[in-house]
Amino acid sequence: MNDRSALPDSGSRPAVGLADLAQLVRAPAALSVPGDVLAGAAAAGHPLGARTFGVMGSSVCLYWAGMALNDYADATIDAVERPERPVPSGRVPRRTALAVAGALTAGGLALAVAAGGRRSLLGALPLASAVWAYDLKLKSTPAGPAAMAGARALDVLAGALAAGRGGERATSSGTALLRGAVPAALIGAHTYTLTALSRHEISGAPARLPATTLAASTATALAAVLPAVRTAVAHRAGREGTAGVSPSAAARTAVVTAGALAYLGSYGAAQARAVREPSGENVRRAVGAGILGLMPLQAALTARSGATAAAAALGVVHPLARRLARRISPT
């Protein structure tokens, strides 16, 4: 019996497969998103809770929406530069990519409201706006890297807003945003370098560009780790002649340092290869490493705020994300 979907007058297309949708939204790359929220929530003082997990889900939806919207907006360019992607290859119709982006955006905003009401929506709405503005208007302009960096920073601040609790331990929105400003700035700085590199994934880059972004990444790692090291040294000096550094302080410093080193070992090493040979392939690898390398940076920032166990969990997720990225490209 003939398949009805194959009849010329049926007017229907084969259903879009889950694997195609996973490639459309770069599914494994979304593992880099919850750490933004966690770093912001830890900085605000309350890293784990129902609101935080709800906002993580919201941010993942908005990230996937951005990936689908990117492929909708870049369909013509991708037909030349990346014909293997789901939209130009014909596996996902362009209008389906737009519909997926719209549905995921609506889902992300709904999750934010369910997680924390107006307060969480205050974080999710600007983030959703930034995602759509970047993909549809700002991506190819000089403001593109700053716009993407701003979106990641907003994700961190959404986590800080989610950390507020009711009762005596409530944290005002203004205080939460202030506490989340430093991790937001550092994750934003990382994202700026990553976006600047991503513009040269096809044709390659002048060697000075990966050299500059490598210097910026090194400075970001140092900014993440030095406050924890200084605190540990001061703590040791204050307890000299007694019990030495407390186990919790030592564990915090160890996790922060390990996160910073893992960040430089993955993203930094990939950028160094691009400095030696700034081909499109090496730049593309650096971008992929930078997307996933965000997780150890998030772990360092989370541990620096005192959430050592949560930060260690991020460190475990990083190698899992790298394995998944071998099957579905994060770029």
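The largest cavity in this predicted model is lined by V55, S58, S59, L62, A112, S120, A124, L127, D155 and A158. Three helices give two or more residues each to that lining: α3 (50-73), α5 and α6 (144-162). The volume of the largest cavity is about 30 Å³. A search of the whole structure turns up 1 cavity of 30 Å³ or more.

Now for the largest pocket. About 1,100 Å³ of space lies inside this pocket. Its lining takes in 43 residues, and N70, Y134, K139, M148 and S198 are the ones that lie nearest the centre. Helices giving two or more residues to the pocket lining are α3, α4 (75-81), α5, α6, α8 (181-198) and α11 (280-304). The top contributor is α5, with 7 residues.

**The whole chain**

Let's step back. Which kinds of element does the protein have, helices or strands? The count is 12 helices and 0 strands. Read from the N terminus on, the elements simply go α-α-α-α-α-α-α-α-α-α-α-α.

The protein has 331 residues, and 48% of them count as buried. Its accessible surface comes to about 15,200 Å², with 63% of that belonging to carbon and sulfur atoms. Then there are the contacts between residues at least 6 apart in sequence: 78% of these join residues at least 24 apart.

**A bent helix and two that fit**

Helix α5, which we met in both linings, covers residues 94-138. If its 45 residues made a straight helix, they would span 66 Å at 1.5 Å a residue, yet the end C-alpha atoms of α5 are only 20 Å apart. Where does α5 have a kink? The kink is centred on G117 and comes to about 135°.

Compare the numbers for these three helices:

| Helix | Residues in helix | Span at 1.5 Å a residue | Span between end C-alpha atoms |
|---|---|---|---|
| α5 | 45 residues | 66 Å | 20 Å |
| α8 | 18 residues | 26 Å | 25 Å |
| α12 | 18 residues | 26 Å | 26 Å |

For α8, the span between the ends agrees with what 18 residues should give. The span of α12 (residues 308-325) agrees with its expected value too.

Which residues of α8 are buried? They are P183, A184, L186, I187, G188, H190, T191, T193, L194, T195, A196 and L197. In α12, the buried residues are T308, A310, A311, L314, H318, A321 and A325. The cover over the buried residues of α12 includes α2, α10 and α11.

**Four charged residues to look up**

Start with D20, which sits in helix α1 (residues 18-24). Is D20 buried or exposed? Its relative accessible area is 16%, so D20 counts as buried, the cut-off being under 20%. Setting aside neighbours within four places in sequence, D20 is in contact with P86, R91 and V92.

A little further on comes R26, found in the loop between α1 and α2 (34-44). R26 is buried as well, because its relative accessible area is 3%, and buried means under 20%. What about its backbone? Most residues other than glycine have a negative phi. R26 has a phi near 55°, a positive value in a residue that isn't glycine.

Next up is R82, in the loop between α4 and α5. With 8% relative accessibility, R82 counts as buried. Which residues does R82 touch, not counting those up to four places away in sequence? The list is I77, P88, E201, I202, R284 and T331. Take I202 from that list: R82 and I202 are 120 residues apart in sequence, while their C-alpha atoms are 8.8 Å apart in space.

Last is R273, which has its place in helix α10 (residues 247-276). Why is R273 called partly exposed? Its relative accessible area is 38%, and partly exposed means between the 20% limit for buried and the 50% limit for exposed. The C-alpha atoms of R273 and A211 are separated by 9.9 Å, and these two residues are 62 residues apart along the chain.

Technical notes
Residues numbered from 1 in each chain as written. Predicted model: local features only at pLDDT ≥ 70, side-chain atom pairs only at ≥ 80, totals over all residues. Heavy atoms only, no water. Helix = DSSP H or I, 4+ residues; strand = E, 2+ residues; numbered from the N terminus. Buried < 20%, exposed > 50% of the residue type's maximum accessible area, 1.4 Å probe, protein only. Contact = heavy atoms within 4.5 Å. Areas by Shrake-Rupley, 256 points an atom, 1.4 Å probe, with all protein chains shown as cover. Expected span 1.5 Å × (residues − 1). Bend = angle between axes of the 7 residues up to and from the residue. 1 Å grid on protein atoms, 1.4 Å probe; cavity = no way out; pocket = protein on both sides within 12 Å on 5 of 7 lines; lining within 4 Å. Points joined across faces, edges and corners; volume = space filled by probe spheres on them.
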